[in-house]
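Here are some friendly notes to read alongside the model. Please take a moment with the picture, and then go through the points in order.

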Amino acid sequence: MTKDIKNSIFIYGKKLNESGKKIQATGMLEEFYNSKGNAYVIPIGATGYMAENL
């Protein structure tokens, strides 16, 4: 599916851990690397969490 994508926009990237604390979503990092070779990636770092690290 990602081979048909031209642009990927990444916002936030947070999830809740077992204790209910907000943490970075590692799945977003995986999606970022999958999209990076096929699409123009646009991380919106101002939203924080994983998007800020991309």
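1. Let us begin with a single residue. Gly-27 sits in helix α1, which covers residues 26–36. Keep in mind that you are looking at a predicted model.

2. Is Gly-27 buried or exposed? The answer lies between the two: its relative accessible area is 37%. Gly-27 counts as partly exposed because that value falls between the cut-offs, under 20% for buried and over 50% for exposed.

3. Now look for Met-50 as well. Gly-27 and Met-50 are separated by 23 residues in sequence, and their C-alpha atoms lie 9.4 Å apart in space.

4. Stepping back to the whole chain, you can find 2 helices and 4 strands in the protein. Following the sequence, their order is β-β-β-α-β-α.

5. What are the rough dimensions of the box that the C-alpha atoms fill? Along the principal axes, the box is roughly 40 × 20 × 10 Å.

6. Next come burial and surface. Of the 54 residues in the protein, 22% are buried. The exposed area is about 4,000 Å², and carbon and sulfur atoms supply 52% of that area.

7. Contacts across the sequence deserve a look too. Taking the contacts between residues at least 6 apart in sequence, 59% join residues that are at least 24 apart.

8. Finally, consider the charges. The protein has 7 positive and 5 negative charges, and the mean positions of these two groups are 4 Å apart.

Definitions and conventions: Residues are numbered from 1 along each chain as its sequence is written. This is a predicted model: local features need pLDDT of at least 70, side-chain atom pairs count only at pLDDT 80 or more; totals for chains, interfaces and linings use all residues. Side-chain values use heavy atoms; hydrogens and water are left out. Buried means under 20% relative accessible area, exposed over 50%, partly exposed in between (1.4 Å probe, protein chains only). Contact means heavy atoms within 4.5 Å. Accessible areas come from the Shrake-Rupley method with a 1.4 Å probe; for residues, only the protein chains shown count as cover. Lys and Arg count as positive and Asp and Glu as negative; His and the chain ends are not counted. The place of a charge is taken as NZ of Lys, CZ of Arg, CG of Asp or CD of Glu.
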